[in-house]
Structures are given as C-alpha cells and as structure tokens.
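Thanks for coming. I have one structure to go through today, and I will keep it short. Please have a look at it first.

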Amino acid sequence: EIYKLIQLPLMGLANNLFTALIIVFIGHFFWFLGLHGTNILEPVIQALYLPALQENIQAVSNNLAVPNIFTKPFFDSFVYMGGSGTTLSLLIVIYLFSNSKRKRDLMKLSSTQSVFNINEPILYGLPIVMNPIYFIPFIITPMILTLSSYFAILTGLVPKTIAMVPWGTPPIISGFLITGSISGSLLQIFNIFIGILIYFPFVKIAERIKE
C-alpha cells in the first residue's frame, strides 16, 4: 500500500527543487508520526538521486560540465546532518542553552551517534516524535537547508556533488569529500548554524511549557 500511495507516484517526478522539497517534507512528516521516513522513501531516493550522482561522476571523468544539483549525497551531507531533521543543530542548542539537566544528559549520550548521523535516541528520547512543539522546526529546518544548499550550488559558491560517501560520514568531512572542495564543508557549517537559529526558540518554548 505504501508503494502504491507514496513511492510509485514520486518515482515519476523530475529531479528538481520542487520534487526535492516534497520528498524532504514527506520523509520528515513520516518520522514525526513515528514511522521510519528514510526507509519508506529509500526506493524513491535510489531511483531519482543515485543515477543523478552517476551522471555527475561520468561528467567529471569526461571533463564535461557536471549536470545535477540534487543527488543522494546532497541530502545525506547538506541536509540530514546529525540525522533526519538536522538534529545535530538541535543537539547543539540543547547542550549549550537548555536549562534541563535531563535533556542535556540525553544530548551527551546521543552526541557520538549524532556525529555519525544516527539520531533515533533524540527522536524517541527527547522526544520529537508526536511532539507538537518540535513539529515545525523538525519539518522546516531540512526544507530550508535544502533551499540554502540548492542556491549555494546553483550560484557556484559550492561545487556540485561528484562522489558517494557512506551516509554516516561525519559533517565537515563529508562536505569536502562529496564536492572535492572546502566550500562543501563551509556550507555544512553554515547550514548547522541556520539549524541552530531555527531550533533555539522552540527549545525555549518547550522548556517554558514544562515549567
């Protein structure tokens, strides 16, 4: 049923900004409901964005212009830092600014996994799943980072992705590897900072409500 309702219609979409935003939104909406959005959309990601990366790699090898902005490493490295929802930014906000000892302890325990883009302890331990306070930043942050990354590459500030790295490769390292440029790492730092700005007020709201 999921294949018929979600995966099959998305397979026919083109590799463009609108499609990227739809996929990011749907994946994170599933996560918010407690479903593994990444796994549900993996066939779509594989069908749309792995061939796009292969085209980029072939273009480089043939000394041609690299054609595609959106590839699988684009999302893994520029959008899903710390895991779905760019929760590395949320971890930093809580660790630095939260007054809750429980939350800070959770972030300390989750920090190693988050560096490798594993964030189930945060999703279910904070929690983010079914938590209306975190719904907006959890959905909005990756969509905004999709936009910021898209325009950074479109304007030539950052090269297009030309290499595949494991999805668990830590930020900063992965940005350099997939683009062959330090500007890829700088984009990751910039995106993490954007995520911090977005998550910060919601962390404070959550703490006030608990009070």
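**Surface, fold and one threonine**

Let me start with the surface: the protein chain exposes about 9,900 Å², and carbon and sulfur atoms supply 71% of that area. Keep in mind that this is a predicted model.

On charge, the protein chain carries 11 positive and 8 negative side chains. The centres of these two sets are 10 Å apart.

Now the fold. The protein chain has ten helices and zero strands, so read from the N terminus the order of elements is simply α-α-α-α-α-α-α-α-α-α. The radius of gyration is 17 Å, close to the 17 Å from the globule rule for 211 residues, so the protein chain is as compact as a globular protein of that length. Along the principal axes, the C-alpha atoms fill a box of roughly 60 × 45 × 25 Å.

How much of the protein chain is buried? Buried residues account for 51% of the 211. As for contacts, take those between residues at least 6 apart in sequence: 70% of them join residues at least 24 apart.

Last, a single residue, threonine 38. Threonine 38 sits in helix H3, which covers residues 37-61. Is threonine 38 buried or exposed? Neither, strictly: its relative accessible area is 35%, and because buried means under 20% and exposed over 50%, threonine 38 counts as partly exposed. Leaving out residues up to four places away in sequence, threonine 38 touches Trp31 and Ser84. Asparagine 131 is 93 residues from threonine 38 along the chain, and their C-alpha atoms are separated by 19 Å.

That is what I have; questions are welcome.

Terms used:
Residues are numbered from 1 along each chain as its sequence is written. This is a predicted model: local features need pLDDT of at least 70, side-chain atom pairs count only at pLDDT 80 or more; totals for chains, interfaces and linings use all residues. Side-chain values use heavy atoms; hydrogens and water are left out. Helices (H or I, at least four residues) and strands (E, at least two) are DSSP runs, numbered from the N terminus. The radius of gyration is taken over C-alpha atoms; the globule rule is 2.2 Å times the number of residues to the power 0.38. Buried means under 20% relative accessible area, exposed over 50%, partly exposed in between (1.4 Å probe, protein chains only). Contact means heavy atoms within 4.5 Å. Accessible areas come from the Shrake-Rupley method with a 1.4 Å probe; for residues, only the protein chains shown count as cover. Lys and Arg count as positive and Asp and Glu as negative; His and the chain ends are not counted. The place of a charge is taken as NZ of Lys, CZ of Arg, CG of Asp or CD of Glu.
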